[in-house]
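Biologist: I am new to this structure and would like to learn how to read it. Could you show it to me and walk me through its features?

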Amino acid sequence: MTGFDITGWGMSVPERVVTSAELAERFGVDEHWVVSRCGIRERRAVDPGQTTVSLAVEAGRRALDKAGLTGADIAHLIVATATPEQPSPATSAFVHHELGIAGSAHDVNSECAGFVYGLVSAMALIAIDPRPILLIGSDTHTLTANPADRDLSILVGDGAGAVVLQAGPENRVKAWNLGADGSCTGSLKVLAGGSRMPTTQETLDAGLHYAQINGNEIYLNAVRYTVRTVRETLESAKVDAADVDHVVPHQANIRIINSIMSHTGLRQEALITNLQKYGNTASGSIPIALAEALDEGRIKAGDKVLLAGFGAGMTWGSILMEWGGAAA
């Protein structure tokens, strides 16, 4: 089996900062309540004209530059997103054009687990076609959150992260695990705009084009399923939780993350988080955190890096790899 190295990475977040103090004032609550509830002090939000594609293109271009490649070198483009540019065609088609990608393009929608799903898909692709792959996670959930929905508005932020995978002689992936529970589709949903409920004036008036969240259900399932996937990946790799050097989880909510860490025995010192300044950027959260950690020189060659995510659906996934790609 052909291995791969991550030879390029990049991220993109909007300039506009929305602080927890601003949201606290809007919703008539205390700022401390917002921060203690989710751990997020500020998040980024797109301005008019910025979209899922514009963030994805910027992150993708930075990853290509870091790898010393151009779009013409890329055989396959994968874009993980739950907030597509438009219903059709796929968001990856727009990114494909903007970056001048030479090869194929397709989307992955596994919500906040999308980047891990995309990475496992890329790993399989490169095993049969050892040419460079560009994987991007990009979401703009501030555009799908009802401005009157306090619970969701305090969580979400916009952003994109990207990595370039190039074939290498060693299989650095120690183990991976993906899963889904389709009985949980009601936990986080956008009801209108699909074939089950096409958009009408009535659905717009009722606000059914906005995302709706059952926070308690998401919390319980996120912890349960992420703990399971992490344990299964570590067991498959025969690696003890205490020996993992870096944990890059989906940046959803600090309470969820801390619960996962304590239930799996992963070391708190290994945890990489940045949700306090970006919020929950969904498909973009893991690659953004990974890119920042790499730019800061926190990840070294030979380190064991665990990525773990969960999302609406529900979906979940984790992957443990030995870092062998380029460093900052």
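**Core, sheet and charged pairs**

Modeller: Let us begin with the inside: the largest nonpolar core has 38 residues, and L119, L165, L307, I319 and M321 have the most contacts inside it. A nonpolar core is a set of buried Ala, Val, Leu, Ile, Met, Phe, Trp, Tyr and Cys residues joined through side-chain atoms within 4.5 Å. Buried means under 20% relative accessible area, exposed over 50%, and partly exposed in between, with a 1.4 Å probe and protein chains only.

Biologist: Which elements give two or more residues to this core?

Modeller: They are strand 1 (3-12), strand 4 (76-80), helix 5 (114-128), strand 6 (133-140), strand 7 (158-168), helix 11 (285-295), strand 12 (304-311) and strand 13 (315-322). Helix 5 gives the largest share, eight residues. Helices (H or I, at least four residues) and strands (E, at least two) are DSSP runs, numbered from the N terminus.

Biologist: Before we go on, what kind of model is this?

Modeller: This is a predicted model, in which local features need pLDDT of at least 70 and side-chain atom pairs count only at pLDDT 80 or more, while totals for chains, interfaces and linings use all residues. Residues are numbered from 1 along each chain as its sequence is written, and side-chain values use heavy atoms, with hydrogens and water left out.

Biologist: What is L165 in contact with, leaving aside its neighbours within four places in sequence?

Modeller: Contact means heavy atoms within 4.5 Å. On that basis L165 touches F4, D5, L119, A122, I126, R131, P132, I133 and L135. Apart from the largest core lies another one, of 21 residues, among them A56, I74, V95 and V164.

Biologist: Now the sheet, please. What is the order of its five strands?

Modeller: Two strands pair if DSSP finds at least two bridges between them. Here an open sheet of five strands runs in the order 1-7-6-4-5, with mixed pairing. Strand 1 and strand 5 (104-108) stand at the edges with a single partner strand each, so one side of each has no neighbour in the sheet. Neighbouring strands are turned by 20 degrees against each other on average, direction ignored.

Biologist: How many bridges join strand 4 to strand 5?

Modeller: Five, and the two strands run parallel. You can find V79 opposite D107 in strand 5. Look also for helix 11, which packs on the sheet and touches strand 1, strand 6 and strand 7; its direction makes about 95 degrees with that of strand 1. Such axes are lines fitted to C-alpha atoms, for helices over the stretch in contact, and angles run from 0 to 180 degrees between N-to-C directions.

Biologist: And how should I read the charged side chains?

Modeller: Side chains of opposite charge can pair when their charged atoms come close. A salt bridge is a side-chain nitrogen of Lys or Arg within 4 Å of a carboxyl oxygen of Asp or Glu. By this rule there are nine salt bridges.

Biologist: Where do E58 and R62 lie?

Modeller: Both are in helix 3 (residues 52-67), four residues apart, which means about one helical turn between them. Their closest N and O atoms are 2.7 Å apart in a salt bridge. E58 is partly exposed at 33% relative accessibility, and R62 is partly exposed at 41%.

Biologist: Which parts does the pair E292 and K277 tie together?

Modeller: E292 lies in helix 11 and K277 in helix 10 (residues 275-278), so this pair ties together parts 15 residues apart in sequence. Their salt bridge spans 3.3 Å, N to O. E292 is buried at 13% relative accessibility, whereas K277 is partly exposed at 31%.
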